[in-house]
Amino acid sequence: MSEDLHKLLACPRCDKTPLSEAEGRYRCDACKIDFPSIDGIPWLFAEPQASLGEWRGRLQFSLQQLSQDVSRIDAEIKDQDLRPLTKRRLERFKSATEYHRRSLQKLLQPIDVQSLHGTVESYLALRTRMPTDQALHTYYTNVHRDWAWGDAENAASLKQVRAVLHDNAELGNVLVLGAGAGRLAYDLHMQVECTNTIAMDFNPLLLLIAQSVTKGEPLKMYEFPIAPKSLEDDAVLRTLSAPEVVRDGFHLILGDVLRPPFAAQSFNTVVTPWLIDIVSEDLPIFAARINGLLKTNGRWINFGSLAFSHPDRARRYSPEETKAIVAENGFSDPYVSDSTIPYMCSPASRHGRQEKVFTFSAYKERDAEAPARHRALPDWIVTGTEPVPLTPFFRSQAMTTQVYSFIMSLIDGKRTLQDMANVLESQKLMTRDEAEPAIRSFLTKMYDDSQKSVGV
Ligand SMILES: C[S@@+](CC[C@H](N)C(=O)[O-])C[C@H]1O[C@@H](n2cnc3c(N)ncnc32)[C@H](O)[C@@H]1O
């Protein structure tokens, strides 16, 4: 492991620095916790085993879903009445999905997904209600933009960052938070003056792809455009590759930006591309967290559109409030560049956007009050050795789930909706008049769900 990187790291649980290191893995001697390494990428989550188990389950679930998709398409192909073009499209899509499954399986080998054997139904039932940005494929299009067809978009992104650097383009030690598939971090490292560049994300698929291409090992992966331009564009095999092998000093870290595993005040530059509006943490707290990572006179560079979507309207900040929040948290008045750039305009898709991006740079002038550690999961979840509390919410969920499973068990291919209403009445769960419309709404929802498209 690089000595430069080692000096920048700290324990994401207790902030102790430096971490000790043996055989390419890090360890916190204070917490007595070992952090795994995923194909050489340090896995620096506050609860490394719990988060690894969670991602493993999530990845396994995605692989199983892809297998189910293949079976479903296979069944559709058997329909004798298919027009030849449709049959051809389905056959192409089936073989692309099979290929995609195999390439994911190979890429994700370091996560040891194969060691899991649960059924897809068990994973479906136990799947955590994860934020949408944690699903395996949520940012899958970014991979193709970053490393296949996105030259114009990637250049426009870098240009925006340069626009807020003024004459001072020496970035020193750079941390890119929420780096995704890593192209902006790579471009900064290769085209701007950076000493070390650390690209951090919590999605292992994205960072494993970034690792392969930046090391000069191209990957062949399918893109599945949302609005294919033609039949052939339904699934397009792309070669993902970097313009050249990344130079020394470029590092990938798997971890949570809300529990950043870095020593305080160790970076000259922190970059947040398309991130501040999607993290669950309120901007004033996240801004203070970024302040804590920077040296005095270090710079925060933000890039991306602002689309805060917090349930509380008060937290859906405008550009004016965003600037004020940055300045309130120990930074200079942000210097802003507002510009429109193309976004996710795949050549194979009819869908593509223009985004008015809000790029700013702000110097750290003083320390902000250190925010409390981001609340990770409670111990009864992480350790698994304490009783699971029977909260009012859990109690009500347990009862709802029982009713749900009872109604589902009444579906036997023979009973009518009215028969089911009679059973609910005989079990004294509802009156007959209440039961019939309630079951109708329930089955409508089930039916709608069954008609929704699945797949990549
Ligand atoms: C909108 S995408 C932007 C990706 C990349 N910066 C780009 O411009 O293509 C947001 C990224 O942040 C990552 N992310 C979201 N929340 C995170 C968290 N708490 N810790 C680490 N990464 C996170 C996601 O996995 C995703 O790659």
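The second largest pocket in this predicted model has a volume of about 410 Å³. Its lining is made up of 22 residues. Nearest the centre of this pocket sit D15, A264, R289, G292 and P371. Sorted by class, the lining of the second largest pocket turns out to hold 12 nonpolar residues, along with four polar and six charged ones.

Next comes the ligand and its surroundings. There are 18 residues around the ligand, and those that come nearest are R145, G178, D201, D256 and V257. Split by class, this shell has nine nonpolar residues, five polar ones and four charged ones.

Two of the residues just named, D256 and V257, turn up again when the polar contacts are examined. In the case of D256, a polar side-chain atom lies 2.8 Å from a nitrogen atom of the ligand. With V257 it is a polar backbone atom that takes part, 2.9 Å from a nitrogen atom of the ligand. F202 also uses its backbone: one of its polar backbone atoms is 3.3 Å from a ligand nitrogen. As for how covered the ligand is, on its own it exposes 590 Å², and the protein buries 95% of that area.

Stepping back to the whole chain, the secondary structure adds up to 14 helices and 14 strands. Computed along the principal axes, the box filled by the C-alpha atoms is roughly 75 × 55 × 50 Å. How does the radius of gyration fit with a compact globule? For 456 residues, such a globule would have a value near 23 Å, and the protein comes in at 25 Å, so the two agree.

Finally, a couple of backbone details are worth a look, both of them in loops. The peptide bond that runs from T17 to P18 is cis, and its omega is near 0°. P18 itself belongs to the loop between α1 (3–8) and β1 (20–22). Further along, Q265 has a phi near 55°, which is a positive value in a residue that is not glycine. Q265 is found in the loop that links β10 (250–254) to β11 (267–273).

Methods
Residues are numbered from 1 along each chain as its sequence is written. This is a predicted model: local features need pLDDT of at least 70, side-chain atom pairs count only at pLDDT 80 or more; totals for chains, interfaces and linings use all residues. Side-chain values use heavy atoms; hydrogens and water are left out. On a 1 Å grid over the protein atoms alone, a cavity is a set of points where a 1.4 Å probe fits but cannot get out, and a pocket is an open set with protein on both sides within 12 Å along at least five of seven lines; lining residues have an atom within 4 Å of a point. Grid points are joined across faces, edges and corners, and a volume is the space filled by probe spheres set on the points. Ala, Val, Leu, Ile, Met, Phe, Trp, Tyr, Cys and Pro count as nonpolar, Asp, Glu, Lys and Arg as charged, and the others, Gly among them, as polar. A residue is near a molecule or strand if one of its heavy atoms lies within 4 Å of it. A polar contact is a pair of N or O atoms within 3.5 Å; within protein, one must be able to donate a hydrogen and the other to accept it, and residues adjacent in sequence count only if both atoms are side-chain atoms. Accessible areas come from the Shrake-Rupley method with a 1.4 Å probe; for residues, only the protein chains shown count as cover. Helices (H or I, at least four residues) and strands (E, at least two) are DSSP runs, numbered from the N terminus. The radius of gyration is taken over C-alpha atoms; the globule rule is 2.2 Å times the number of residues to the power 0.38.
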